[in-house]
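Colleague: I would like a close look at one part of this model, the salt bridges and the helices that go with them. Please explain each cut-off as you come to it.

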Amino acid sequence: MIRYGPDMYLNDQRQEILENTSPLFDLTVNETATRNHSVPHSHIQPHWHHEMEVFLLLEGSVQINAGEKIFTLSKGEGCFINSEVLHSFRFGEEPGLFRSFLFDPGIVAGAPGSLFDTAYVRPLLKKGPAFLHFHPEGEDADFFQAFHDVFRLCRDEPVGYELAVRWALSQIVLLSKQKGNVFPSQKVTAAQEARVKDMLRWIDGHLGEQITVEDIARQGNICVRACQKVFKRYLHCSPTEYLQRRRIYTAAERLSLTDAPITTIALDCGFSSPSYFSKRFKAETGSTPVDYRAAVNNYGI
């Protein structure tokens, strides 16, 4: 599962296109040497990706441009680079070696709107810093232990390693959230929690229907503006964004667990046409429904 070498492919928006990743477990693990010109000119050009990135420099030195700032890492140091941050690497003249992994935040977050999503992952995505520098000694020791655990597990792939990798990535997300001083979301009162649950429960029961924000707000006995604020405050997305993700998540589950035709799944989950469903599904998961189902079958689930 480990990718060796510097190969990187960008689209016309300078987004890195990750190959050979599974839509079921979107994680890319790299080990790259900068000696012998394996990284041309010891420079990795500016790029970005939806995945979070964790980087560890084993040999040499590197300057990292992330956002509007430049950071320097020495041997043994590591960093966290947030989702969708434009960044580049320039290595020193001496031979270098680094390991990194890029992972979809959904591996840790789980279902959209879950506790893991709203309390831990989404705040880091939306409010977290572009870059965090980790040092191998002192308070950052747990970060490096979790990093080494991920690399070892992906190299050896023992039975159930995905669960152990998810736990290690969860530790990295939590440590990054704490180091970045990303404060927890405001606590939901009992009344607010009940209102949110009512709206989410109603959405789940009506995914196949044409749903408006007005419909969702009505279930919480609030106006549209208040509904939008509630979703932004506690779910970190708009009602429409949540609905879209929930439909995609439900469709992915049906693709995994049933042999129902893709057209049937698309219509049952509230999409107006199979073509629109395929477009939205690929935008959210990076895979077409057909490829996703094939990957599930190949994964042996």
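Modeller: What follows begins with the background, takes the salt bridges in turn, and then turns to the surroundings.

The model is predicted, and for that reason local features need a pLDDT of at least 70 and side-chain atom pairs count only at pLDDT 80 or more, while totals for chains, interfaces and linings use all residues. Residues are numbered from 1 along each chain as its sequence is written, and side-chain values use heavy atoms, with hydrogens and water left out.

The secondary structure of the protein chain comes to eleven helices and twelve strands, where helices are DSSP runs of H or I with at least four residues, strands are runs of E with at least two, and both are numbered from the N terminus. Of the 301 residues in the chain, 45% are buried; buried means under 20% relative accessible area, exposed means over 50%, and partly exposed lies in between, with a 1.4 Å probe and protein chains only.

Now to the charged pairs. Side chains of opposite charge can pair when their charged atoms come close. A salt bridge here is a side-chain nitrogen of Lys or Arg within 4 Å of a carboxyl oxygen of Asp or Glu, and by this rule the count comes to ten. Three of them are set out below.

One of these salt bridges joins the side chains of R122 and D117, at 3.1 Å from N to O. R122 is buried, because its relative accessible area is 14%, and D117 is buried too, with a relative accessible area of 1%.

Another joins the side chains of D198 and R201, at 3.0 Å from N to O. D198 and R201 both belong to helix α5, residues 190-205, and stand three residues apart, about one turn of the helix. D198 is partly exposed, since its relative accessible area is 36%, whereas R201 counts as exposed at 53%.

A third salt bridge is found between D215 and R218, at 3.0 Å from N to O. These two residues lie in helix α6, residues 213-219, three residues apart, again about one turn of the helix. D215 is buried, with a relative accessible area of 18%, while its partner R218 is exposed at 53%.

Helix α6 also holds A217, which is buried because its relative accessible area is 1%. Leaving aside residues up to four places away in sequence, A217 touches M199, I222, C223, V224 and C227, where contact means heavy atoms within 4.5 Å. The C-alpha atoms of A217 and V196 are separated by 9.8 Å, although the two residues are 21 apart along the chain.

Helix α2, residues 115-127, brings in the surface, since it gives the most to a nonpolar patch, with three residues. The patch is formed by L115, F116, Y120 and L174, which together have about 390 Å² of accessible area. Patches are made of residues with over 30% relative accessible area and no salt bridge, with like charges joined within 9 Å and nonpolar side chains (Val, Leu, Ile, Met, Phe, Trp, Tyr) within 5 Å; the accessible areas come from the Shrake-Rupley method with a 1.4 Å probe, and for residues only the protein chains shown count as cover. Y120 lies in helix α2 and is partly exposed, with a relative accessible area of 35%.

Two further helices complete this view. Helix α3, residues 141-156, has 16 residues and reaches 23 Å from its first C-alpha to its last, close to the expected 22 Å, a figure that is 1.5 Å times one less than the number of residues. Its buried residues include F143, F147, D149 and C154, and the helix is followed by E157, whose phi is positive, near 50°. Helix α4, residues 161-179, has 19 residues and a reach of 27 Å from its first C-alpha to its last, close to the 27 Å expected. Among its buried residues are Y161, I172, S176 and K177, and just after α4, N181 takes a positive phi of about 55°.
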